[in-house]
Amino acid sequence: MTDTLPKKHVLLLEDDPAYSGLVQTWITQYLPGWTCALLSTVEEALGCLSSTVYDLVIIDASLPGYSRVLAISAVVDLVRPHGTPVIVLSGLPQSFDADAIQAGAKLYLCKNDIVSADKFIAVVTQIVSEDASPVRSGL
């Protein structure tokens, strides 16, 4: 099924190298032809997003130097003109999802809820192919 999907480019903003490596591996192995650029700071992401258009941005909610909502809002502001969805991944409780959605994220996922690559990939492909309506349900 995934080998017929159009090629997409994902930006992953995550400061945990082990977790970012896992997510990048899932995206590139389960979605042939998709790319996943890794960045670890909000500053890097803002610079990159100023010059490059991605099909999806995945951002950790807790990054050094920025409040959770400010980081999400700054990223969303840069990608909104291109219609790029933003998924927020976090180890924070699900109660933060309303703040993430209000800041402009399409979806909030608790890292603890991501139990398999198949489920994660299903959510990612659904978000990339959907309209711009926020989604509150997780995996």
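Student: In this model, does D60 count as buried or exposed?
Tutor: Keep in mind that we're looking at a predicted model. The cut-off for calling a residue buried is under 20% relative accessible area. D60 comes in at 5% relative accessibility, so it counts as buried.

Student: Which residue forms a salt bridge with D60?
Tutor: Side chains of opposite charge can pair when their charged atoms come close. For D60, the closest N and O atoms of the pair are 3.6 Å apart. D60 sits in strand 3 and its partner in the loop between strand 5 and helix 5, so the pair ties together parts that are 51 residues apart in sequence. That partner is K111.

Student: Which other residue meets K111 in a salt bridge, with 2.9 Å from N to O?
Tutor: Follow K111 across to the loop between strand 1 and helix 1, where its partner lies 97 residues apart from it in sequence. That partner has a relative accessible area of 3%, so it is buried. The residue is E14.

Student: Which residues do these salt bridges join into one network?
Tutor: K111 bridges to E14, and K111 also bridges to D60. K111 itself is buried, with a relative accessible area of 18%. Sharing partners in this way joins the salt bridges into one network of E14, D60 and K111.

Student: How many salt bridges does the count come to?
Tutor: Start with the two at K111, one to E14 and one to D60. Then add the pair of R80 and D77, whose side chains meet at 3.3 Å, N to O. The count comes to 3.

Student: How many disulfides does a search of the whole structure find?
Tutor: There are cysteines to consider: C36, for one, is buried with a relative accessible area of 7%. C110 counts as buried as well, at 10% relative accessibility. Still, the number of disulfides found in the whole structure is 0.

Student: Let's zoom out. In what order do the elements of the protein run from the N terminus on?
Tutor: The protein has 5 helices and 5 strands to place. At the start, the chain leaves strand 1, passes through helix 1 (residues 17–30) and arrives at strand 2. From the N terminus on, the full order is β-α-β-α-β-α-β-α-β-α.

Student: Over how many bridges do strand 1 and strand 2 pair?
Tutor: The two strands run in the parallel sense, and V10 has C36 as its bridge partner in strand 2. The β-α-β crossover that takes the chain between these strands is right-handed. The pairing of strand 1 and strand 2 has a bridge count of 5.

Student: Which residue in strand 3 does L12 stand opposite?
Tutor: Strand 1 also runs parallel to strand 3, and 4 bridges join them. Strand 1 is mostly covered, with 4 of its 5 residues buried. In strand 3, the residue opposite L12 is I58.

Student: Which elements do the buried residues of helix 2 pack against?
Tutor: An α-helix has 3.6 residues a turn, so residues three or four places apart point the same way. In helix 2 (residues 42–51), the buried residues are V42, A45, L46, C48 and L49. They pack against strand 1, strand 2, strand 3 and helix 3.

Student: What about strand 5: which residues are buried on its two sides?
Tutor: Strand 5 runs parallel to strand 4, joined by 4 bridges, and L89 stands opposite L109 there. Both faces of strand 5 are covered. On one side the buried residues are L107 and L109, and on the other they are Y108 and C110.

Student: What relative accessibility does S90 have?
Tutor: S90 is found in strand 4. Leaving aside residues up to four places away in sequence, S90 touches D60, A61, Y108, L109, C110 and K111. S90 counts as buried because its relative accessibility is 1%.

Student: And what share of the contacts between residues at least 6 apart joins residues at least 24 apart?
Tutor: We've already met a sequence-distant pair, K111 and E14, which are 97 residues apart. Among contacts between residues at least 6 apart in sequence, the share joining residues at least 24 apart is 69%.

Key. Residues numbered from 1 in each chain as written. Predicted model: local features only at pLDDT ≥ 70, side-chain atom pairs only at ≥ 80, totals over all residues. Heavy atoms only, no water. Contact = heavy atoms within 4.5 Å. Buried < 20%, exposed > 50% of the residue type's maximum accessible area, 1.4 Å probe, protein only. Pairing = 2+ DSSP bridges. Right-handed = clockwise from strand over helix to strand, strands pointing away. Salt bridge = Lys/Arg side-chain N within 4 Å of Asp/Glu carboxyl O. Disulfide = S-S within 2.5 Å.
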